[in-house]
Amino acid sequence: MRSIQEIIGENLKYFRYQAGKSQEKFYGEYGLSYKYYACIERGEINMTVDFLERLAKILKVDIREFFNPDESRFVDKKRIDEKEKEECVN
């Protein structure tokens, strides 16, 4: 069973990807620390509600969507990871 931090991280990655932003572009554009943001997407950090609300506004999603454990969003997880690895190489 996934933790709530993992669910939030997976949703954050999904919404960031849907917005067409790579990790590098996203965290650079909004002044987020790369290490901190990467840890959030991996579900390793228990962030504040204020920070989560900031991310929801940036991504233009309802904050409640971060808590949705809908598995269908995570089907593309491997594809997203592979695409971002390719972008790093190119």
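The structure holds five salt bridges, and since the model is a predicted one, these and the other features described here are read from predicted coordinates. One of the salt bridges joins the side chains of Arg2 and Glu10, with nitrogen and oxygen 2.9 Å apart. The two partners do not fall in one accessibility class, because Arg2, at a relative accessible area of 24%, is partly exposed, whereas Glu10, at 14%, counts as buried.

A second bridge to consider is that of Lys21 with Glu29, whose closest N and O atoms are 3.1 Å apart. Here it is the lysine that counts as buried, since Lys21 has a relative accessibility of 17% and the limit for burial is under 20%, while Glu29 is partly exposed with a relative accessible area of 41%. Asp62 and Arg64 form another of these bridges, and their closest N and O atoms are 2.7 Å apart. In this case Asp62 is partly exposed at 33%, and Arg64, with a relative accessibility of 61%, counts as exposed because the threshold for that class is over 50%.

From the charged pairs we can turn to the nonpolar interior. The largest nonpolar core has 19 residues, and those with the most contacts inside it are Leu12, Phe26, Leu32, Met47, Leu55, Leu59 and Phe66. The elements that contribute two or more residues to this core are the helices α1, α2, α3 and α4, and the largest share, six residues, comes from α4. Leu55 offers a way to follow the packing residue by residue: once its neighbours within four places in sequence are left aside, Leu55 is in contact with Leu12, Phe26, Leu32, Met47 and Phe66, each of which is also listed among the residues with the most contacts inside the core.

Helix α3, which spans residues 34-41, has Tyr37, Ala38, Cys39, Ile40 and Glu41 as its buried residues. These buried residues pack against three other helices, namely α1 (4-18), α2 (23-29) and α4 (49-59). Just after α3 the backbone passes through Gly43, which takes a positive phi of about 75 degrees.

The aromatic side chains add a further set of relations. A pair of aromatic rings is described by the distance of the centres and the angle of the planes. The count comes to four aromatic pairs. In one of them, the rings of Tyr14 and Phe15 have centres 5.4 Å apart and planes at 70 degrees, so the pair is classed as edge-to-face; of these partners, Phe15 is buried, with a relative accessible area of 11%. The rings of Tyr36 and Phe51 likewise form an edge-to-face pair, because their planes stand at 75 degrees, with the centres 5.4 Å apart. Since Tyr36 lies in helix α3 and Phe51 in helix α4, this pair ties together parts that are 15 residues apart in sequence. Its two members differ in accessibility class, Tyr36 counting as partly exposed at 31% and Phe51 as buried at 14%.

Finally, ring pairs link Tyr14, Phe15 and Phe66 into a cluster. Phe66 therefore appears in more than one part of this account, because it belongs to that cluster, is listed among the residues with the most contacts inside the largest nonpolar core, and is in contact with Leu55.

Note on methods: Residues are numbered from 1 along each chain as its sequence is written. This is a predicted model: local features need pLDDT of at least 70, side-chain atom pairs count only at pLDDT 80 or more; totals for chains, interfaces and linings use all residues. Side-chain values use heavy atoms; hydrogens and water are left out. Buried means under 20% relative accessible area, exposed over 50%, partly exposed in between (1.4 Å probe, protein chains only). Helices (H or I, at least four residues) and strands (E, at least two) are DSSP runs, numbered from the N terminus. Contact means heavy atoms within 4.5 Å. A nonpolar core is a set of buried Ala, Val, Leu, Ile, Met, Phe, Trp, Tyr and Cys residues joined through side-chain atoms within 4.5 Å. A salt bridge is a side-chain nitrogen of Lys or Arg within 4 Å of a carboxyl oxygen of Asp or Glu. Rings of Phe, Tyr and Trp (its six-membered ring) pair if their centres lie within 6.5 Å; planes under 30 degrees apart count as stacked, over 60 as edge-to-face and the rest as tilted.
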